[in-house]
Structures are given as structure tokens and as C-alpha cells.
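Hi,

Here is the structure I promised to send over. Have a look at it first, and my notes on what turned up follow below.

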Amino acid sequence: MPNQVAFRIYDYLKDIEPFSYLEQTVLLRVASKVEVRYQPPGTVVFCPGEPPRDRFFVVKEGTIELFSEETDGSELLVERCGEGEVFGIRPLLAGDNYVFLARAAEESLLYAVNSEGFQELIADNPRVLQYLLTSMAGSSRYAREYRAAAAAKIAVADDNSGAQRTPDLQSMQFVRQTRDPIVCRPDQTIIDAARYMTEAEVGSIVVVDDARRPVGIVTDRDLRQSVATALVSRQSPVAAIMSSPVRCIGTRATIADVQIEMLRSGVHHLVQTEDGTNRSAVVGVVSEHDVLLVQGNNPAVLIQEIGRAQSSRYLRDLRDRAETILAGFLEKEVAISYITTVMSQINDAIIRKSMKLALARMQADGHGNPPALFDWLALGSQGRGEQLLRTDQDNALIFEDVPEEKYNQVKAYFLQLSDYVTEYLNDAGYSYCDGDMMASNPKWCLSVSKWKAQFSRWMHDNTAENMLHTSIFFDYRGVWGDGSLPDKLTAHIFAEMEDHSTRFQASLAQAALQNPSPLTFFRNFVVERSGEHKDQFDLKARAMRPLTDAARVLILTARQGNINNTFLRYEALAKLEPQNAQLYHDAAEAYEVLIRLRAVLGLARGDSGRFVAPAELSRVQRLLLRNSFTPVREIQQLLEMRFQLNFLR
Amino acid sequence: MERLKRRLGLHPTDADSEDWPPWYRAYRDILAQSEVPAADRLLNTITIVVLDAETTGLDVRTDRILSLGALRVYGNSIHLAEKFEAYLPSPSSVENSHAIPIHGIIPNSRRYTYSDEPSMLAELLDYLRDSVIVGHHIGFDIEMINRALARHGAGPLKNRVVDTVGLAKRLRPAGYWTPEGDYSLDVLARRYRIPLSDRHTALGDSYITAVLWLKLLTRLAVKLDRDLRISDL
């Protein structure tokens, strides 16, 4: 007979994951062993480095904050756990010490749940385990704990809603058959093992006997330790430092199986063998990282993995996964500035990887190393760092000036290189550009002085086509290479503007006005009158481009060359012209609405999201879209006034 | 408190130690062996038992205990697994008692496991040992228990006793804003935002009192600006 207090606690826990998966009798038993902890404000629940006692926590009342201690001793808030949230469970299951400092932000009441009974429950209740694993993989807090994020530069967003996510079916997937496992014999030297690992770019090597049965494993960490402590000579056999015996798992293991085994054993690498024991041959290795990757919707991990990708086919898989992350961001209404930063980093990582693959292929073809310094330029929305969905490629290549007699040879090298890069990018899902605005086009693969001449021509001769080119090429950004060449181009453009400024700027502003204001007199949408997209609204041409074009011409006029993101441009403009700050803020906000809307539509339909039929919008979306038109029109009016375009027309 | 102690000291059965039942003697032996905690000992290092009794009424001479509930508190945590819970059959004379609507214990209902009064008291003493007893208007509960002990030839409770009412009054003395009578568990629980579930069951009230105890101690520590010691009670 449970007592009333235990029943009350049961009543509270039964609606909270993972307790909600437990049967009543089981949960009542858990509840009757709960310890109710009272934490006055500012008191510590646990400290980093402390071993977990046999309990984890559910917040009943109040708020507990988790802090990580940075290397400089400062505290960084990692997560705020409110009522009904669970914390302090991972170290318990994994047998680690606490990583964070947990402190009461206000007067709090915690239910300290005895894990002793709980660990047994996990074995009997796969859904509990699955919930715990997914929530760990999904939350930035656990991602930090896995330390996987540390290497990547992206700041982990303040996005903790993953903690309450419902379990997905990913954990039931089979583990990806890993690359051919890297193996060595026990009598080979440590230095040899390290060399194999470096060559294969893997974090572990399996030590096998003559029948390829695993006898031990050596990981990065083992190597670091042996080098750091110098207790073992690098010429010693690997057997001296290997971990043995290895934990094995069968080829038909699911992600969940792997995670259970890792949590239970506390090891970070499992060896896949034919029959799942160490009495059969090695077929693969599964690391914690591999698991996290399948589970995690963590951009930092994704970027790391892009760095490890060996084929453009795999890059496409990874980019598909980025789309899942994007969908999650959009669903959770994460700030667009953060989303664009993350997605740009992912796009850039893919470009860099494609470049690495292309350079390797040039080597393999016998073309050798690049004959001159060069930079790979991303153009258009990619250049502005605003690309969310995969669109056509827009890129160019700039190389340093070389002697005239060598020019053709050097250019031929870079054209071939660009051919490969664009091919890989196409494989990864960024289709070739219809207008051939790509580095593989001889027109857009030029030396510094030829690019300068090209820009001078565009600025001098303001035809409609040249203005279109400027609108694409002016938003260039170096993604790979020396890094100095784009700046030379920028310096040249500003010098050139001193001479041709007024007319060029006016033409640029004129181009920004070419698309009529998106509202008709009756405040309805202007839809396309003919063609494939008849009766659809062109989000890009009618609403977004006027805003990007306006931002570009205004920022060029203000001589601010290094800002090539539309949001940042409006932000900078608002500072430069306080009298128009409100308008610029509105414009940035409208642009955010548009970029978000386009991404949502594009994801839903699996296209670029450029065209929208008014009927497919929800009422709120329609309202947001319509409101965003006001700043578009006002910005256009500002351009008209400033560049006196009324007279030009 | 002084009055209570005097009364306990004058308890008639106290002297008849030769006739004590064995379970009471065992309790006294434990108390005799345990050291009296020093006055400067930190409060969070001693074991507290929060106790509540449900009775047939408020007259210590005629009314009887219906149930006892108690929880152990160490430092800042309440251990549910170490609860004490006991129900007695209601005496025949009070079967139609007015107490039923309040605590919901229906006389001779089969819902609860009963124990007879002596074995309940024996279990209680074994649970209490040398803990400090905390309760709300605890003087009444102690007196009810002591009278029951006396009926079965045992001596009184000898534990240190702390009343949460006294603690609450120290933090917020009665005065213009707080009427003298306003220290009921309901009022205090509301003031310190403790949900009033399972009110009027012995264990439910113990739980509410335990949370109140922890919250009051924190406020007292803030007021005194130091860690609390036994002498602060």
C-alpha cells in the first residue's frame, strides 16, 4: 500500500518523460524511494568532478541552472531546468563524474530519484532507454558533455528544447557499416599504429590476431596518454598500451544496442565482429562519434563529419541531414541570424571539402599543386551568407597575377580544378548554374588584374546585363584559398568608385527598383501574369531582391566594403544614418520574415521556395508577408529620392 | 516549551522504571548511550524526524491517536523510503466521532493495516531513536503519545523537540499584521507556497511540515547570516 506522499510524487512523475513510460506499479515503487531535496536559492546540487551518487533529479518547483566551468574559471550557463525537467542522469548511466555545476536559481524542490532501481528498469523498458538516449543526443547540453562540439567553432545555440523531444526511430536503425576497419598486429610498434591511424584519419585501431580476431583496441586517447606520460617507448609494441579485451557487438546491432553497450561499459569504441564476440573476425568499428552523428542534429558534429567525408555522394547525405537541422530550427523559431550563420558554415564546409577532393584529384591526374595563389569566391546569396536551402551554384575563382607567358597554362589549371569542384558541388546537391555563373566558366576564372578590369567595365558601362552581373558578383566572399585576393579586388572597386561613383551608383539603385513594389493599389499580391509560375508570387524577385539590392548599393555608397550580409548591411546602415535607423531595422526584419518563409515553403515542397501561390499560405504567413512589403516600398522610395532616379527615368 | 518539559518531568510513570516494558527500556538504553549533541553542532548534520499524529479529537485526556506519520530529514533532503506510518483501530467510544470528516479515516475501515497501540508505540520508538523531533504544534502530538505510553506502563519521550510554530513566530512575530492565531499549518503552507495536498493524513501533514521546516530554517539562516547550530533552535 503506497502512502499518500509517494502517491503524490507518482502523480507528478507519471506525466514526465521518461517516467511516463513506466507502468503504474513500477513507477509507484520508484516514487516511494524518492528523496525530496530542498535547495535554497544559490545552493549547489552538485559540482563538476564530483562522482554522481545513486540519484538523479527532477525539478518539482523552482529552477536549477547548469553551468560549465570554462578554462579561464568563468561559469557559462549551459541549461536552465524548470519544473518537470530531468537532470544529472547522464553521468549516472555512463559512470562518469559530473561535468557541470548545478545550482538553484531560486528556491527549489527536487525529487532525487534513486537510480539503483532505475538502471534495472532501463533494461526492461526499451522506451525509457530510447528516450534517454535521444534526449541526450538532441540536447546541446549533452552534446557539450560529449565534447564533440569543442572542436568546431560554432557556438552552441541556446536551444534546449531538444531535451523534451519525443523519441525518434533513428535509434532503431542499424549502425552504418563503418569503413574498412584499420587493424594492426599486437607486435607492431606504437608509432606504426599511430601512422596507420593518421593515414586513415580514424580515431582508433583494432589490434587483431592472425585470424583477424580482435585482441585489443588503441584509441587517440591511449596514444596521447602514452606520448604525454612517456612511460612507454614509441617503439614498444601496441600491446603495451592497448585496451583489452575489447567490447564487441554484432553486425546487426542497432544504434540503440550500441548506445546501451557504451553507456553500460563506459567505453567509447565498440568493435563489430561477425558474430558479435571476440571469437570472430573484425568487420568494423563504431565510435561514440558515429553514434552521435546518426542521432545528433548537431551542426558542429555535422561540420566535423563533412571534414571527414571521402566522397561527394556522402556530402549529399550530410547536406540532406543539414536540411533536417534547418527544419528543426525553423520549427523552433530560432533566430534567423543564427540559422544563416550555421547553414553558411555548413555550406562553406562542403565547398571546402569539394575543393580538397578536387585538389587531390588534380594531384592524382598529375597536374600537381596549384601554380599560383588563388581564392575561391562564393557569390550571390552564398556570398552574403544567407543561403539556407540548396540553390544553384554561384561561384568564381581569382588567382594572383602571373607573367603573361604563363597565364594560359595557369588559367587552364584553375579551370580544370573548378570543373572538378563544381562537379562535386553538383553531386552534393548544388546544381549547376543555368546562367553559368561558375568558376568553371572561362569568363569567371580570372587573375586579379583581369577581375579588376572586369569590375571597372561593369561600373563604367551600365547596361542592364552588367548591372545584373554586379548584383551577383559584388557579393563575393572568399571561402577557400589565400584570402588576400578578394581584399585587393574590394580596394580596387572603391578606388574606381571615386571616379564613376554617381552614375554607377544610380544605375545600381535603378536596378534595385526594376521589380515593382509588390503591392497593387488594392493591397493584393502582384502575381506573375504568365509563364510557368502564373498566378504565383515571386518571393525572391519581388520582395527579397529589392531588399538585398538596396542594401548593397547603400553600403557601397557608404564605402563599407567588408560587409556582405544583408542583415549586417542594414545594421551598419542604421548606425551610419540614425535618422533612417527605423526604416533599416524594419527592412532587416522584413528580410528575416522573407528568408524564413522561403525556407519553410522550400522545405515543405522540396524546392527552392522561390515561388508561392497566395492560397498555400496560412493567414499568419500572408499577414507577415504583406507587412514585409511596406519596408520594401519605403526602401525603394528612399533609393529614388537619394539617387534622384525620378530624373533618370 | 518549559511548561511542557515540566509536565514531562512530573509524569507519574517516569519513576517506575522497574516496570517499563522491554521496548521502552531499549529506547531509553539507546538514548542513554547516545551523546547529547553539542550546542554548536551544525543542524544539517543531525537526524530530524518530522512527526504528525491524527487523533479522534483535541482533548488529550479523552481522545485517542488514530494514526501516526513521520519522515526522516537529513540535511536538506526528505527521505520517503524511510517513512513511518501506522494506523490504529478507532476506539469504540468514538466511532461516530466528529474527527472523521476532517482526516477521512473511517473507523474500522479495511483500507489500512492496523497495529495495536503498544506495538505501534514500540515501532515508533525504534524509528525515533535519538532523533530531534519536529512538528507543527508538536506539543499536542507529544502529549498524546506520552499519555499512550503511560497507558502501557512506559515512560515519556525524551527526545529534543522543536515546534515549527515557534520557528515561524521567530521569523515573523505576531503583531499588527499577523494575528496571534495565524500560525496554522494551512496559513504557513500558503505563506511559504507549499502545496496543500494530502492534508489531514498523518504522513501528508508530516510531509508538508517537513518542507515547511526546511524553508523556515533557510530563512532563519539568512536572518542570522550563518549556518544554523543546535543552539539556534
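One thing to keep in mind is that this is a predicted model. I'd start where the two chains meet: S1(A) runs antiparallel to strand S3 of chain B (residues 77-87), and three bridges join them. If you want one pair to click on, take Glu35(A), whose bridge partner in S3(B) is His79(B).

Zooming out, the contact between the chains involves 16 residues of chain A and 19 residues of chain B. On the chain A side, helix H1 (4-13) and strand S1 (35-39) each supply at least two of the residues that touch chain B. S1(A) gives the most, with five residues. As for character, the chain A side has eight nonpolar residues, plus four polar and four charged.

Now for the inside. The largest nonpolar core has 99 residues, and the ones touching the most other members are Ala396(A), Leu397(A), Ile398(A), Leu547(A) and Tyr591(A). Helix H13 of chain A (residues 336-364) contributes the largest share, eleven residues. Where does this core lie relative to domain 3 and domain 4 of chain A? It sits between them, because domain 3 (311-483) and domain 4 (513-648) both give residues to it.

Ala396(A) is a good spot to centre your view: leaving out residues up to four places away in sequence, it touches Leu377(A), Leu379(A), Ala439(A), Trp444(A), Phe473(A) and Tyr476(A). Apart from this core there is another one, of 91 residues, including Ile65(B), Leu80(B), Ala86(B) and Ile133(B).

Cheers

Terms used
Residues numbered from 1 in each chain as written. Chains lettered and ligands numbered in written order. Predicted model: local features only at pLDDT ≥ 70, side-chain atom pairs only at ≥ 80, totals over all residues. Core = buried A, V, L, I, M, F, W, Y, C linked by C-beta atoms within 7 Å. Buried ≥ 20, exposed ≤ 12 C-beta atoms within 10 Å, placed from the backbone. Helix = DSSP H or I, 4+ residues; strand = E, 2+ residues; numbered from the N terminus. Domains from an automatic or database assignment. Contact = placed C-beta atoms within 7 Å. Nonpolar A, V, L, I, M, F, W, Y, C, P; charged D, E, K, R; others polar. Pairing = 2+ DSSP bridges.
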